[in-house]
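Work through the exercises below with the sequence and the structure in view. Each task is followed by a solution in steps.

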Amino acid sequence: MKTILNITPFANWLKGAERPLIIAGPCSAESETQMMTTAKSIAAIDKRIIFRAGIWKPRTRPNSFEGNGSVALTWMKSVKEETGLLTSTEVANGKHVEECLKNKIDILWIGARTTVNPFSVQEIADALKGVDIPVFVKNPVTPDLQLWLGALERINQAGITKIAAIHRGFHSHSVTPFRNDPKWEMPIELRTICPDLPIICDPSHICGNTELIPYISQKALDMDMNGLMIETHCMPSIALSDAKQQLTPLQLSDLINRLVIRKSNSDNIEFKTKLEQLRESINKSDEELLNILMHRMHTAEKIGAYKKENNVVILQANRWESLLNERINSAAMMGLSENFVRSLYILIHEESIRKQNAIMNS
Ligand code: PEP
Ligand code: MN
């Protein structure tokens, strides 16, 4: 299905939109003092940072801190009045939207657990009809691009054009150093489908700890993302939610100062010529790669025919296991990563089996 989003670019509604947008603030609004102390330190770093804090917290298990609810909206108001920062929070239903609008929250976002549910997203969209407020949509917990797109479309169809996506990583069964697997291919696909849609990375929820946040933040900017949402707390060690992943304002300031901001592109003629040559070389390699894959598949078909003639089953588990190990070892000597080569060979082997199956059944 085609996706056409009607997007008002950041530049038309955000001051200083040319730099990466920074959203920072605590995971949860815990008390007026915590909010004000954190917000004042953030404002001292840069007045253009957008303040964030969760008013209603979606927690996996009951009886943990679920946010302070409506009372925290008055703290948000004080933050805005005293620091001049724009404020933002998560909404999960129509009632949250109404309360935020009443209390003049500047930007709303839809959380990962809500994006998965089209009923909830539609309820939020209905509550937003006729309102002009920016809404950001976090990726769903599961790596499903259609759900992410669907939520953006529902909000857009309600008339909200100041939209952006937030990449906060995905639940994964594989072992990774991250709380939520970044799966960069997902935001890349989103950017390919909707080139004008701003994408903000949330390294805090991707990493789940503070150590990896600088690495993911820089990587996001190098992937041409438009901004970062970084959980920041005046005293992370006593935070009531996500304590391990929140930065202090000082750490935030340090992170921002170290970020390398690169251009989206360059008009330098020398750069363009060299890049063109390198791309030509990639094109040639790809042509060779496809040729080799074609020959490999033809051979697989011959093997399928030969097995059929001799009434032998397709899958030879021992051969597959030793082939995969040998390829991984050779690849390691060539400096290719085990994960990459393993995934590649699993795809090649699946296709080869599919081809042999087709021959067996012909
Ligand atoms: C949050 O931003 O605090 C939050 C709950 O995030 P997510 O929806 O990405 O889990
Ligand atoms: Mn959080």
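**Exercise 1. Overall layout**

What distance separates the centres of domain 1 and domain 2, taken over C-alpha atoms?

Solution. The model is predicted, so local features need pLDDT of at least 70 and side-chain atom pairs count only at pLDDT 80 or more, while totals for chains, interfaces and linings use all residues. Residues are numbered from 1 along each chain as its sequence is written, and side-chain values use heavy atoms, with hydrogens and water left out.

Step 1: find the bounds. Domain 1 covers 10-258 and domain 2 covers 269-360; such bounds come from an automatic or database domain assignment.
Step 2: take the two centres over C-alpha atoms. They are 41 Å apart.
Step 3: set this beside the whole protein. Its C-alpha atoms fill a box of roughly 80 × 50 × 40 Å along the principal axes.
Step 4: list the secondary structure. There are 13 helices and 8 strands, where helices (H or I, at least four residues) and strands (E, at least two) are DSSP runs numbered from the N terminus.

**Exercise 2. The nonpolar interior**

Describe the nonpolar cores of the protein.

Solution. Step 1: count the buried residues. They make up 45% of the 362 residues; buried means under 20% relative accessible area, exposed over 50%, and partly exposed in between, with a 1.4 Å probe and protein chains only.
Step 2: apply the core rule. A nonpolar core is a set of buried Ala, Val, Leu, Ile, Met, Phe, Trp, Tyr and Cys residues joined through side-chain atoms within 4.5 Å.
Step 3: find the largest core. It has 66 residues, and Phe 51, Leu 108 and Leu 197 are among those with the most contacts inside it. Helix H6 (residues 145-157) gives the largest share of this core, 6 residues.
Step 4: look for a further core. Another one, of 13 residues, lies apart from it and includes Trp 13 and Met 229.
Step 5: examine Phe 51. Leaving aside neighbours within four places in sequence, its contacts (heavy atoms within 4.5 Å) include Ala 24, Met 35, Ile 42 and Leu 86.
Step 6: recall the general rule. In soluble globular proteins, nonpolar side chains tend to be buried together.

**Exercise 3. Salt bridges**

How many salt bridges does a search of the whole structure find?

Solution. Step 1: apply the rule. A salt bridge is a side-chain nitrogen of Lys or Arg within 4 Å of a carboxyl oxygen of Asp or Glu.
Step 2: count. The search finds 17.
Step 3: take one that links distant parts of the chain. Asp 224 pairs with Arg 191, the closest N and O atoms being 3.8 Å apart. Asp 224 is in the loop between helix H9 (213-222) and strand S8 (227-231), Arg 191 is in helix H7 (residues 185-193), and 33 residues separate them.
Step 4: classify both ends. Asp 224 counts as partly exposed because its relative accessibility is 36%, and Arg 191 is also partly exposed, at 22%.
Step 5: take another pair. Asp 267 forms a salt bridge with Lys 272, with closest N and O atoms 3.9 Å apart. Here Asp 267 counts as exposed because its relative accessibility is 69%, whereas Lys 272 is partly exposed at 42%.

How values were computed
Chains are lettered from A and ligands numbered from 1 in the order in which they are written.
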